[in-house]
Amino acid sequence: MAKEFRAPDKDVVQKIWKEYELNEQRVKESVEALKKWLAMEPHLPKESGSLHEARLERWLIRCKNSMDRTKQAIDLYYTLKSLSPEMMSDWNTQSKWFKTISKLAYYIAMPQLTPEYDRVVCFGSLSEDPTDFVIEDWYRMSLMTFEVRMCEDYCPRDIFIIDLANLTQAHVAKYSFPSMKKVEVCTMKAFSTRLKAFHIINTPPFAGVLVELIKSVLSSKLAARVHVHGTDLTELHKQVPKESLPTEMGGCGGSIIDNWNPWLKKLETYQDWFLQHENVKSDEKKRLGGKAISSDLFGFEDSFKELDID
């Protein structure tokens with residue numbers, strides 16, 4: 001049976017602090033320093049409140065207690081909200097796009113941390129029917145999940161698992177390098193996700209092009225952490241505790257649906273915050289040194305080319 005997703009207890013948080021030579025006082029001092037830095041940056045929005053401070057703290061942890069890296073990630077986050085609205089805006093759980101994609105695909109941060117305090121994140125398709133599946137909407141929904149985790153979660157690393165069990169060739173044809181690269185930048189850099197491993201399971205023969213696409217958007221260091229398992233999950237279970245896996249992946253953490261439904265409800269509780277936060281983004285006209293441009297952030301001009309599937 002699935003457990004409710006919630007932040008780890010204080011004991012776990014303190015152990016994570018110790019990994020980065022932090023304690024409660026040093027965390028408070030770092031958060032205050034980040035707040036002062038934000039106030040001095042003319043192009044960045046001015047936020048306040050306990051939720052804002054909680055997010056700054058989690059950025060600090062995700063950036064391994066590096067103030068420079070934390071500042072870069074925060075700046076990038078607000079910049080992407082300005083330059084990549086197709087990914088970072090219209091986060092509305094009542095919208096038609098959200099209601100459609102949330103029935104077709106899932107993106108679940110599992111409630112049970114691993115013994116190393118890593119978070120297992122499972123995602124995949126709920127239906128073999130690709131008709132209404134819009135890949136950009138799936139990415140956008142996943143980023144909403146990451147946003148909630150920045151408010152509530154507390155872990156140093158993520159383990160990604162993508163289940164291709166319901167994948168069809170028509171699904172694969174909807175993936176493109178530009179959109180996947182954009183979500184990679186949002187996830188890995190803006191939200192500062194530290195990827196411990198990326199497992200791909202139930203891989204059909206025609207999905208080789210998708211596997212290579214996933215590797216191509218990652219750095220060589222991260223691409224080396226991609227593991228393809230097919231339908232034999234023996235090696236997956238050696239690397240990921242079954243307590244942190246859903247039933248469909250051979251785990252004992254509850255079914256995918258039993259984990260996804262609570263996540264949908266959690267996202268709905270953030271509805272007002274999502275809407276209020278819609279325009280909290282960078283003002284590129286005020287950026288010292290000139291505006292940021294998409295090609296600098298993503299490494300390509302903003303155009304789409306779909307995959308060719310044989």
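What follows is a look at how a few helices pack in this predicted model. Local features were taken only at pLDDT of at least 70 and side-chain atom pairs only at pLDDT 80 or more, while totals for chains, interfaces and linings use all residues. Residues are numbered from 1 along each chain as its sequence is written, and side-chain values rest on heavy atoms, with hydrogens and water left out.

Helix α9 covers residues 177-190 (helices being DSSP runs of H or I with at least four residues, strands runs of E with at least two, numbered from the N terminus). Its 14 residues reach 18 Å from first C-alpha to last, close to the 20 Å expected at 1.5 Å a residue (the expected span is 1.5 Å times one less than the number of residues). Twelve of the 14 residues of α9 are buried, so the helix is mostly covered (buried means under 20% relative accessible area, exposed over 50% and partly exposed in between, with a 1.4 Å probe and protein chains only). The buried set includes Lys181, Lys182 and Glu184 alongside Met180, Val183 and Val185. Just past the end of α9, Ser192 takes a positive phi of about 55°.

Two packed helices are described by the angle between their axes and the distance between the axes. Here, axes are lines fitted to C-alpha atoms, for helices over the stretch in contact, and angles run from 0 to 180 degrees between N-to-C directions. For helix α7 (residues 135-152) and α9, the axes come within 10 Å and cross at roughly 5°. That makes α7 roughly parallel to α9 (angles under 35 degrees count as roughly parallel, over 145 as roughly antiparallel, 65 to 115 as roughly perpendicular and the rest as oblique). On the α7 side, Glu136, Tyr139, Ser142, Leu143 and Phe146 meet Ser179, Met180, Val183, Cys186 and Thr187 of α9 (contact meaning heavy atoms within 4.5 Å). By class, these residues split into six nonpolar, three polar and one charged (Ala, Val, Leu, Ile, Met, Phe, Trp, Tyr, Cys and Pro count as nonpolar, Asp, Glu, Lys and Arg as charged, and the others, Gly among them, as polar).

Thr187 sits in α9 and, at 5% relative accessibility, counts as buried. Leaving aside residues up to four places away in sequence, Thr187 touches Leu143, Phe146, Phe160, Ser192 and Thr193.

Helix α10 (residues 208-217) packs against α9 at about 50°, with the axes 9 Å apart; the two are therefore oblique to each other. Their crossing is right-handed (the near helix is turned clockwise from the far one by less than a right angle; anticlockwise would be left-handed). Phe177, Met180, Lys181 and Glu184 of α9 meet Leu210, Leu213, Ile214, Ser216 and Val217 of α10, giving six nonpolar, one polar and two charged residues.

Elsewhere, helix α3 (residues 50-62) and α4 pack at about 125° with axes 9 Å apart, which makes α3 oblique to α4. This crossing, too, is right-handed. The α3 residues His52, Arg55, Leu56, Trp59 and Leu60 meet Met67, Thr70, Ala73, Ile74, Tyr77 and Tyr78 of α4; eight of the contact residues are nonpolar, two polar and one charged. Helix α4 itself (residues 67-83) has 17 residues that should span 24 Å, and its end C-alpha atoms are indeed 24 Å apart. Among its buried residues are Thr70, Asp75 and Lys81. Ser84, in the loop between α4 and α5, is buried at 0% relative accessibility, and its C-alpha is separated by 20 Å from that of Thr70.
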